[in-house]
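Colleague: I am new to this structure and would like to learn how to read its features. Could we go through it together, step by step?

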Amino acid sequence: MAFAKKIQSGEFTITSEIGPPKGVEIEGILKEAETLKDKVDAFNVTDLQSSVMKLGSLATCRLLVERGLEPIFQITCRDRNRLALQSDLLSAYVLGIRNVLVLTGDHTVLGDHPQAKPVFDLDSISLLKAATGLMEGKDMVGNELVGKPEFLLGAVVNPGADPLEPQIIKMEKKIEAGAKFFQTQAIYDLKSFENFMNIVGKFNVPVLGGIVLLKSAGMAKFMNEKVAGINVPDKYITMMAEANKEDRPKVSIQIAAELIKGMKGLCQGIHIMPLGWEKHVPSVLENSGF
Amino acid sequence: MLITKLKNKEEILLLLEKKPFIIKCFGCKEVYFPEDEIEELLKGNESKIIGVARLDYLCREEFSKLYLTRYSSQIKKSGAIIVFSCGVGVQVLAKLCIDKKVLAGCDTYSLDGFQGLSVQNANCEQCGECYLNYTGGICPLTACSKGLLNGPCGGAKNGKCEVSPEMDCGWELIYKRLKGLKIENVTKESKVLIRNYKRILDELGYNKNNIKGE
């Protein structure tokens with residue numbers, strides 16, 4: 001598939017993200033994705049992001065395939081045991097899905113069904129290993145499969161984590177388990193991202209730097225306080241705080257473009273997480289020189 | 001209620017190469033300890049062992065602290081401490097001897113009947129495949145809110161778990177403990193770990209006719 005080819009060729013690769021709706025009205029989201037067709041190489045589809053019950057990633061990925069868009073199937077370990085996870089990977093393959101991003105997933109108590117059983121039978125590393133096994137024609141206990149799926153497996157890493165070393169150790173384990181590309185948590189500090197890239201360059205695995213569009217100064221402060229590995233510098237918070245409400249998207253796009261331009265020399269691509277601001281993605285890319 | 005069973009023989013013999021000091025718990029009356037099996041296993045390996053202590057209630061931190069002073073010179077000379085007890089005992093000793101590798105010689109299984117009575121349930125899940133040898137003597141099943149076996153999820157902020165600002169990130173504690181033990185490349189310490197629920201299900205009598213898996 002085009003995404004795998006591009007990212008493995010070393011060309012600068014751009015991915016964006018789609019969050020399926022809570023419900024079944026999906027046409028609007030698909031239309032929005034179609035407008036980005038020539039600008040974005042692949043679309044991650046989130047899997048019950050933040051543990052909120054929504055339409056599934058697998059079905060949404062298939063709808064993208066039907067429209068000629070390339071999906072990256074996000075799969076988490078939060079609410080399925082190893083039987084269901086392996087089965088869903090096989091299902092993804094027969095539905096034409098070739099890229100998989102494996103995550104551990106947020107805890108169930110953070111979402112809208114805190115009463116649910118947290119599963120975590122596997123984690124990101126053991127699921128990557130299981131997926132690699134399926135590609136070799138075997139399930140987790142060694143039973144032979146009829147036909148082998150083929151995937152480009154990816155994983156996530158958080159360059160702003162403190163301490164950083166456990167993240168790097170885990171990144172290396174993910175690579176050993178089969179991860180062929182990485183997408184990162186949102187980056188706001190290019191200096192520390194550069195430091196991270198200097199450390200992980202030796203792994204020779206493409207890294208797509210994460211971009212989250214700031215919507216307000218409040219959002220930035222919230223993330224600084226609550227979200228692991230995110231440190232929005234004061235200068236961006238001030239820029240957002242000083243902008244009028246109607247100017248905020250413009251300022252946000254300017255900040256994102258500045259970060260993307262800075263990342264061009266550092267990593268192998270970017271991953272844009274618009275979180276509802278999908279309509280601004282074209283301007284972000286345009287202002288970044290794409 | 002719980003029972004402890006010896007880890008497999010090869011695994012323990014490998015641990016003996018570290019010139020260990022051995023602590024056997026014969027603790028509480030609700031627990032079965034494999035004392036005879038331990039004796040048999042250690043027979044013929046005396047030269048590798050720095051010393052042996054047979055103690056009770058390792059789970060009581062204040063008792064264990066006193067015991068340790070009694071054996072401090074031997075422990076100092078040892079390459080590691082192997083503890084034959086339930087998962088709680090191992091974790092208490094690992095906490096008290098942060099500069100020493102504290103290893104588990106047993107797996108802890110749960111038995112129906114006494115659940116809820118023991119406060120020590122808190123940090124041993126009686127999973128039947130003790131992971132403490134990979135994680136510096138801190139249980140990843142109970143210290144991590146997701147029970148992850150292969151490292152932190154990345155959701156912790158300032159050392160605190162994503163589920164509560166009051167809860168430490170278990171994997172950050174493990175990382176710091178391993179770092180303190182100067183285990184330079186923590187990755188080498190462990191392979192990809194995947195929990196085997198069959199062990200406890202077998203113990204509960206499930207699956208008697210199923211020969212698949214393991």
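**Reading the cavities and the barrel**

Modeller: Let us begin with a caution, which is that this is a predicted model. In the lining of the largest cavity, α7(B) gives the most, with three residues.

Colleague: How is empty space inside a protein found, and how many cavities of 30 Å³ or more are there in the whole structure?

Modeller: In general, rolling a probe the size of a water molecule over the atoms shows where empty space is left. Here, a search of the whole structure finds five cavities of 30 Å³ or more, and the largest cavity holds about 260 Å³ of space. It is lined by 24 residues, and those closest to its centre are B:Pro152, B:Gly154, B:Gly155, B:Ala156 and B:Cys169. Two or more lining residues come from each of α6 (165–177) of chain A and α7 (170–180) of chain B.

Colleague: How do the residues of that lining divide into nonpolar, polar and charged?

Modeller: Twelve of them are nonpolar, seven are polar and five are charged.

Colleague: Turning to the strands of chain A, how should I read their pairing, and what do they form?

Modeller: As a general idea, strands of a sheet pair through backbone hydrogen bonds, either parallel or antiparallel. In chain A, eight strands with parallel pairing make a closed barrel, in the order β1-β2-β3-β4-β5-β6-β7-β8. Neighbouring strands of this sheet are turned against each other by 25° on average, direction ignored.

Colleague: Which strand is joined to β4 of chain A by four bridges?

Modeller: That is β5 (residues 152–157) of chain A, which runs parallel to β4 (residues 99–103) of chain A; across this pair, A:Val100 stands opposite A:Leu153 in β5(A).

Technical notes
Residues are numbered from 1 along each chain as its sequence is written. Chains are lettered from A and ligands numbered from 1 in the order in which they are written. This is a predicted model: local features need pLDDT of at least 70, side-chain atom pairs count only at pLDDT 80 or more; totals for chains, interfaces and linings use all residues. Side-chain values use heavy atoms; hydrogens and water are left out. On a 1 Å grid over the protein atoms alone, a cavity is a set of points where a 1.4 Å probe fits but cannot get out, and a pocket is an open set with protein on both sides within 12 Å along at least five of seven lines; lining residues have an atom within 4 Å of a point. Grid points are joined across faces, edges and corners, and a volume is the space filled by probe spheres set on the points. Ala, Val, Leu, Ile, Met, Phe, Trp, Tyr, Cys and Pro count as nonpolar, Asp, Glu, Lys and Arg as charged, and the others, Gly among them, as polar. Two strands pair if DSSP finds at least two bridges between them. Axes are lines fitted to C-alpha atoms, for helices over the stretch in contact, and angles run from 0 to 180 degrees between N-to-C directions.
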